[in-house]
Amino acid sequence: MDIIEILLMSLSLSVDSVVVSMSGSVSLGRVRPGKILAVALAFGLVQAGLLLSGWLLGTSVASLVHRAAHIIGFVILLYIGGSMAWSGCRKCGEEKVDLNGFSRLLLAAAATSIDAFAAGVSLAMSDVGRTDIFLLTFVLAAVTMAAATAGVSCGSLVGRKFGRPAKVGGGIALIAIGVKLLCGAL
């Protein structure tokens, strides 16, 4: 993976975190620096941890499905990106998120990071190496922490205005990376 792909994937995977932290900032009341740091750490560390966990699981399974690994990776990224873009296009009710309390914060962080786990599996099946995945994990954690910090700081007003277009753009970027993986296998 080159640095552009790493940044695009990190930005794409962090979109849900910024949208949820924006809408959840309403539940926090007065936002103190300690609360912003807690939200940023929770979202960033869970996102990075699930990406790495998915990659580790994927590397153990990739040898079993080696011939179809690139296709499986493409399908996973196509599904994640398509779902993300579709949810950005749909008009649905405003989601209420409560970021008060450790368990609610971790639940919100995990809910926004499931796609990172699947992306990790996909990357492992596409022969993404150890160096690239560690760099991606670090960049993803940093980008997600910055996104969550901005989300909590800016609040739900910005989330309502830019959340849907960001989801669509992030989904399209993941699909494009999946197509590149598939083309590399052919």
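This is a short conversation about how the labels on a predicted model were reached.

Biologist: What makes up the secondary structure of the protein?

Modeller: Seven helices and zero strands. From the N terminus on, the order reads α-α-α-α-α-α-α. Remember that this is a predicted model.

Biologist: How much of the protein is buried?

Modeller: Of its 186 residues, 47% are buried. The accessible surface is about 9300 Å², and carbon and sulfur atoms hold 71% of that.

Biologist: Why is I3 called partly exposed?

Modeller: I3 sits in helix α1. Its relative accessible area is 46%. Buried means under 20% and exposed means over 50%. The value lies in between, so I3 is partly exposed.

Biologist: Which residues form a nonpolar patch with I3 on the surface?

Modeller: I4, L7, L8 and L135 join I3 there. Together the patch has about 420 Å² of accessible area. Helix α1 supplies the largest share, four residues.

Biologist: Why is L107 called exposed?

Modeller: L107 has a relative accessibility of 61%. The cut-off for exposed is over 50%, so L107 counts as exposed. L107 belongs to helix α4, residues 102-111. Its C-alpha atom is 9.8 Å from that of F43, and the two are 64 residues apart along the chain.

Biologist: And S126, why is that residue called buried?

Modeller: S126 has a relative accessible area of 8%. Buried means under 20%, so S126 meets the definition. S126 lies in the loop between α5 and α6. G58 is 68 residues away in sequence, yet the C-alpha atoms of S126 and G58 are 9.3 Å apart.

Biologist: What makes α5 largely enclosed by the rest of the structure?

Modeller: Nine of its twelve residues are buried, so α5 is largely enclosed. Among the buried ones are D115, G120, S122 and M125. From first C-alpha to last, α5 reaches 17 Å, close to the expected 16 Å. Just after α5, D127 takes a positive phi of about 60 degrees.

Biologist: How do you know that the span of α6 agrees with expectation?

Modeller: Helix α6 has 25 residues. The expected span is 1.5 Å times one less than that number, so α6 should span 36 Å. Its end C-alpha atoms are 35 Å apart, which agrees. Buried residues of α6 include I133, T137, V143 and G151.

Biologist: What is in the largest nonpolar core?

Modeller: That core has 16 residues. L13, L51, L123, I133 and L136 have the most contacts inside it. Helices α1, α2, α5 and α6 each supply at least two residues. The most come from α6, with five.

Biologist: What does L136 touch?

Modeller: L136 touches M1, I6, M9, S10, L51 and L123, leaving aside residues up to four places away in sequence. There is also a second, separate core of twelve residues. V39, L99, A108 and A109 are among them.

Biologist: How many contacts in the protein join residues at least 24 apart?

Modeller: The share is 94%, among contacts between residues at least 6 apart in sequence. For a contact, heavy atoms must be within 4.5 Å.

Technical notes: Residues are numbered from 1 along each chain as its sequence is written. This is a predicted model: local features need pLDDT of at least 70, side-chain atom pairs count only at pLDDT 80 or more; totals for chains, interfaces and linings use all residues. Side-chain values use heavy atoms; hydrogens and water are left out. A nonpolar core is a set of buried Ala, Val, Leu, Ile, Met, Phe, Trp, Tyr and Cys residues joined through side-chain atoms within 4.5 Å. Buried means under 20% relative accessible area, exposed over 50%, partly exposed in between (1.4 Å probe, protein chains only). Patches are made of residues with over 30% relative accessible area and no salt bridge: like charges are joined within 9 Å, nonpolar side chains (Val, Leu, Ile, Met, Phe, Trp, Tyr) within 5 Å. Accessible areas come from the Shrake-Rupley method with a 1.4 Å probe; for residues, only the protein chains shown count as cover. A salt bridge is a side-chain nitrogen of Lys or Arg within 4 Å of a carboxyl oxygen of Asp or Glu.
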